[in-house]
Amino acid sequence: MAERLSRLRVASAFVAIAILLLPFADLTLAGHDPWAALGRMGAGLLRPDFTAVEQIGAALAGTLAFAIAGVALGAVAGFMLAPFYDRALVRGAAIALRSVHELFWALILMQALGIGVTTGVLAIALPYAGIFARVFADQIAQTDPGPARVLSPRTGRIARYLFAEVPLIRHLMGSYTLYRLECGLRSSAVLGFIGLPTLGFQLDGFFKTGAYGAASAVLICYIAMIASMRLWMRRRLVPVWLAGALGWLAWLETPPMGSGALWRFLTVDLVPAPLRGGWDGPALWDWGARLIMAEALPGMVATLIVAQIALVLTGAVALLSSALIVQRVTGRGGALLGHLVLTVLRSLPDYMLAYLFLQVFGPSMLPAILALALHNGAIIGHLSGREAAALPVRRDAGRGLTHWLWDLLPRQFAGFLALCLYRWEIILRDTAAMGLLGVATLGFYVDGAIAELRLDRALVLLLASGALTALVDIASRRLQRASGAMRVSRSAPAEAPT
């Protein structure tokens with residue numbers, strides 16, 4: 001089927017939109033003396049202090065336990081939803097679950113369940129259930145239909161799924177679940193920034209007290225844990241790790257919640273304020289209109305501005321970084337250095353990177369854009385570079401920039417565009433969450449509503465965030481189909497849709 005849109009035209013349109021949005025973006029350096037702050041931070045980071053090893057060890061264990069339990073629960077839920085993903089109700093529920101960031105889930109759940117184990121595990125499991133359901137359903141759609149055809153037409157959907165489809169994709173499911181654990185470790189770490197006992201909590205404390213050496217030690221331990229995951233997380237060890245995680249979480253003390261908190265949360269807190277005394281249509285309209293005009297729309301506009309600029313910068317970072325890890329382009333030493341840089345950048349969650357940049361540049365859109373571009377660009381650069389290194393090379397092919405510009409780049413552009421379009425939805429979702437750090441995206445208004453215990457307003461803002469993410473997901477899929485990138489993305493690595 002011929003493509004209705006050329007890939008170069010799609011990429012050019014995104015670049016043009018980002019340039020048009022630049023005048024509306026707040027890119028000021030709001031820090032008091034950013035370069036001095038950067039110098040102090042850099043000096044501390046170059047001298048890691050491991051003396052607080054007990055605190056760091058507990059935070060590492062907490063990060064691991066929350067990630068394993070949350071990913072396992074999300075995988076089980078996604079496995080159960082996947083065979084029914086073609087039904088509108090299931091597909092809509094999965095989109096709604098994954099369109100809300102883990103930090104938002106945690107903030108909402110805290111109001112009903114308190115700051116404890118259940119909140120942390122569910123905050124990871126709920127969005128991951130939606131992601132697993134979509135990815136497993138995609139894997140089912142690409143399986144050989146032959147085994148299912150030999151079954152009786154009266155065979156139920158669950159039986160066909162378990163006996164004809166799962167045996168064909170169970171290795172793919174297992175590989176994707178293990179990969180997803182890496183994402184779970186990042187999600188678990190950032191939950192510490194809102195009070196859960198993971199690495200983010202320790203990092204936040206060390207930065208606030210100026211203990212940059214201890215913060216450096218936390219970051220080194222965290223990156224080492226992610227980089228070595230393929231060594232310590234083997235399929236046969238999954239039951240052991242799961243038992244250990246559940247044991248650690250069971251041992252963790254949880255602050256008690258008042259009785260009836262969950263019931264009050266569901267029946268009072270989430271109900272729009274004008275309706276708590278009975279139906280009042282005019283008051284509800286006035287309440288909703290003021291909330292949308294004063295908070296939801298400005299937050300959505302700011303979220304789109306940051307996300308679109310970050311997406312284009314992500315593409316630039318990915319294009320440049322993918323060449324770094326190809327030996328024929330940068331040599332053996334350069335490729336090793338490229339792998340090290342990309343491992344560090346993709347291991348650190350964009351929320352954590354934005355937190356670090358905020359310490360230097362102050363509150364504006366700049367830290368969020370830089371963090372999103374570096375983290376997502378490193379992920380795409382890693383995937384594209386790994387694919388480029390495996391491509392067959394002609395005998396007369398050049399080396400260095402010549403090889404990259406005239407051989408690799410033209411052959412990889414379709415896959416590169418597919419990966420960028422896949423990350424578009426994720427970048428937008430993460431951009432909304434950046435508001436919790438003070439950037440004026442949707443999360444900024446959600447955080448304000450929760451701080452004032454106006455959960456009905458927070459719910460409306462979260463629905464707006466979810467709707468925006470869902471719209472971008474739809475636009476992304478249509479652009480992939482129209483440009484032919486969908487066919488390319490189906491042969492991309494399993495990590496691509498995440």
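**Ground rules**

Helices here are DSSP runs of H or I at least four residues long, numbered from the N terminus. This is a predicted model, where local features need pLDDT of at least 70 and side-chain atom pairs 80 or more, while totals for chains, interfaces and linings use all residues. Residues count from 1 along each chain as its sequence is written, and side-chain values use heavy atoms, leaving out hydrogens and water.

**The big void**

There are three cavities of 30 Å³ or more in the structure (1 Å grid points over the protein atoms alone where a 1.4 Å probe fits but cannot get out). The largest has a volume of about 350 Å³ (space filled by probe spheres on the points, joined across faces, edges and corners). Its lining runs to 24 residues, with E102, R180, I426, R429 and D430 lying nearest the centre (lining means an atom within 4 Å of a point).

Four helices each put at least two residues into the lining of the largest cavity: helix 6, helix 8, helix 16 (350-361) and helix 18 (400-433). Helix 18 gives the most, with six residues. By class, this lining splits into ten nonpolar, four polar and ten charged residues (Asp, Glu, Lys and Arg are charged; Ala, Val, Leu, Ile, Met, Phe, Trp, Tyr, Cys and Pro nonpolar; the others, Gly among them, polar).

**The runner-up**

The second largest cavity comes in at about 50 Å³. Its walls are L319, S322, S384, L409, Q412, F413 and F416, which divide into four nonpolar, three polar and no charged residues.

Helix 18 turns up again here, giving the most to the lining of the second largest cavity with four residues. Helix 14 (281-324) and helix 18 each supply at least two.

Technical notes
On a 1 Å grid over the protein atoms alone, a cavity is a set of points where a 1.4 Å probe fits but cannot get out, and a pocket is an open set with protein on both sides within 12 Å along at least five of seven lines; lining residues have an atom within 4 Å of a point.
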